[in-house]
Amino acid sequence: TTTTTTTTLPLALSSTMVVVVSDRDEYLKTARDLGMYTCRVRPTNAIRRGGGVSTHFTIDDISKVEDVVNEINGISFNTVLTR
């Protein structure tokens with residue numbers, strides 16, 4: 001007899017709990033189609049490519065991902081200051 005054991009990870013993530021950050025259209029389109037938040041990284045001096053995929057957020061520097069996550073979570077700089 002052969003016994004197969006399946007291990008399930010203790011993650012219960014819904015698609016709205018995931019933010020895909022990329023500069024690649026195929027990743028952003030797949031994430032968007034699956035209901036995930038999408039964030040395009042497009043440096044200020046980057047050449048704009050034709051076509052593309054609409055995203056929830058566009059940033060010019062990866063360091064701004066925290067701002068995107070805070071916006072999704074409803075945290076704003078002003079809210080923190082008024083506490």
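**Exercise 1. Determine the order of helices and strands along the sequence of this predicted model.**

Solution. Start with the assignment: helices (H or I, at least four residues) and strands (E, at least two) are DSSP runs, numbered from the N terminus. The protein has three helices and three strands. Along the sequence they follow the pattern β-α-β-β-α-α.

The model is predicted, with local features needing pLDDT of at least 70 and side-chain atom pairs counting only at pLDDT 80 or more, while totals for chains, interfaces and linings use all residues. Residues are numbered from 1 along each chain as its sequence is written, and side-chain values use heavy atoms, with hydrogens and water left out.

**Exercise 2. Classify Met17 and Ser22 as buried or exposed.**

Solution. Step one is the scale: buried means under 20% relative accessible area, exposed over 50%, and partly exposed in between (1.4 Å probe, protein chains only). Step two is Met17, in the segment before β1. Met17 has a relative accessible area of 53%, so it is exposed. Step three is Ser22, which lies in strand β1. Ser22 counts as buried because its relative accessibility is 9%. For the protein as a whole, buried residues make up 14% of the 83 residues.

**Exercise 3. List what surrounds Val20 and Ser22, leaving aside neighbours within four places in sequence.**

Solution. Contact means heavy atoms within 4.5 Å. Val20 is in strand β1 (residues 19-22). Its contacts are Tyr27, Leu28, Ala31, Met36, Tyr37, Thr38 and Cys39. For one of these, Met36, the C-alpha separation from Val20 is 7.1 Å, with the two positions 16 residues apart along the chain counted as their spacing. Ser22 is in contact with Tyr27, Leu28, Cys39, Arg40 and Val41. In addition, a polar atom of the Ser22 side chain lies 2.9 Å from the backbone nitrogen of Arg24.

**Exercise 4. Identify the residues of the largest nonpolar core and the elements that supply two or more of them.**

Solution. A nonpolar core is a set of buried Ala, Val, Leu, Ile, Met, Phe, Trp, Tyr and Cys residues joined through side-chain atoms within 4.5 Å. The largest one has five residues: Cys39, Val41, Phe57, Ile59 and Val68. Strands β2 (37-41) and β3 (57-59) are the elements that give two or more residues to this core. Taking Phe57 and not counting residues up to four places away in sequence, the residues touched are Tyr37, Thr38, Cys39, Arg40, Val68, Glu71 and Ile72.

Key. A polar contact is a pair of N or O atoms within 3.5 Å; within protein, one must be able to donate a hydrogen and the other to accept it, and residues adjacent in sequence count only if both atoms are side-chain atoms.
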